[in-house]
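The exercises below ask for a careful reading of burial, helix packing and surface character, and each task is followed by a worked solution.

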Amino acid sequence: MKPDGTVNAGSRDPRAVARRDRLVLVLAGLLLFVWRVGSHDLWPPDEPRFALVAKEMRQRGDYSVLSLNDHLYTDKPPLFFWAVNACALLRGGVDEWAARLPSALSGLLALLLIYDLGRRLYDRRTGLYGALLFATSQQIVERARWASIDMTLNLFVLAAIVLLWKSRMAPDGGRGAARWAWVLMGLATLAKGPVGLLLPLLAVLPTCLIDRDRGPLRRLIPPSGIALYLAVTLSWFGLYAARLGTGFALTVLVHQNVERYVEAWNAQHPIWYYLWRFPAGFFPWIVFLPWGIAEAFAREGGGDLGERRRPAIFLVTWMAAILLFFSFSTGKRGVYVIPIYPAAALLVGRLLARASGGDDEEGAVAAHRRLRLPLRLWTAVAALLAIALPLIAVRRYPELALPAIQIGVLLLAGAVAALILARRRSRTGAPAICLLGSAGM
């Protein structure tokens, strides 16, 4: 308490601050993902197909064996279609809202998970910035408003990663968190196959191997967790195999997962595909990511350097392991690497959080200095977009010319304002303006 009776900023109740942050994220998720999500028709090819599979599931009353146009559909597991039908109960049938709402709600819940992970790794400001950066990435804004499985898969994968990391760092062993992580990996598998098991393990296990610490490694793979995973997945696959035959069910499993990975029959791309596809999807924050990684490994700051760099190693290896896994797959799509976006967003969020101030004055000054160059680059990119977007719209989509001009002006104004505030050493202003300008995209 100050002499004049006001409360010091640092004495605010952390729980009240966390509640406020979560409210901000919920409002942002509702605005970016949910608002008018069903206002236009389903877009081919994926949206109408997935909606029809869910509709036939509802009409036939068969929630284990899927169909499309009354023919057996074996491309995907059923969890996403269960979610669409759960939303259909609110709408009275499968429509645009019901088909897209699982993706939108998955995106919103992912914001809260990213915030929680950022708080555990660093602080609440990093978590808040990281969640907002994730929400305003090009790929996420698009897919969270799209009837597809990718955002649902990402939600369960991210939740499993958060619990596995919590178990890894828990002084009391954290076996309960690990068991729940395996349950979530089971649900992720029911969303999109065994990749739901592999991705969380790829995100977390490399840090154990780097540390040469077998204790957490054993803790993260408990026999009880494996049993829970099998219980979740076999609750559907066992019934599926019983109805269609075990041999046929296993053939479908191998075909849709192993053969698709080794010798895909569509979306074939070279091994370097994600070197450009991920930056395009993580736009505009890809401009800041190299400096975010540099900030995460910076020497400035107190405490043990190795301990301070542990979260950075976790986030970078999380990204690298999943990128490598999908790079060696013969079939590649930009949406496959959405599970690395939370890690990338937290690395950039750490840069913005440190640059916006804190208890470590030396680290804040260094981060603010590190932020200037990517802000200049982003200003140049925004200027190019302000010119290019209206020209492209006029040539190809004349009806979108005015929105293209508005978006270009907003991006450029936000970038210039952030750069000016950074030059004036306004630590909180530059990140905030940069976020607002990009959200308008």
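**Exercise 1: burial and helix packing**

Valine 183 has a relative accessibility of 17% and therefore counts as buried, where buried means under 20% relative accessible area, exposed over 50% and partly exposed in between, with a 1.4 Å probe and protein chains only. The model is a predicted one, in which local features need pLDDT of at least 70 and side-chain atom pairs count only at pLDDT 80 or more, while totals for chains, interfaces and linings use all residues. Residues are numbered from 1 along each chain as its sequence is written, and side-chain values use heavy atoms, with hydrogens and water left out.

Task: locate valine 183 and describe how its helix packs against α11.

Solution. Valine 183 lies in helix α8, residues 175-192, helices being DSSP runs of H or I with at least four residues, numbered from the N terminus. Helix α8 packs against helix α11 (residues 223-244) at about 25 degrees, with the axes 8 Å apart. The two helices, α8 and α11, are therefore roughly parallel, a term for angles under 35 degrees.

**Exercise 2: a surface tryptophan**

Task: decide whether tryptophan 272 is buried or exposed, and place it in the chain.

Solution. Tryptophan 272 sits in the loop between α12 (246-262) and α13 (274-281). Because its relative accessible area is 51%, tryptophan 272 is exposed.

Note on methods
Axes are lines fitted to C-alpha atoms, for helices over the stretch in contact, and angles run from 0 to 180 degrees between N-to-C directions. Angles under 35 degrees count as roughly parallel, over 145 as roughly antiparallel, 65 to 115 as roughly perpendicular and the rest as oblique.
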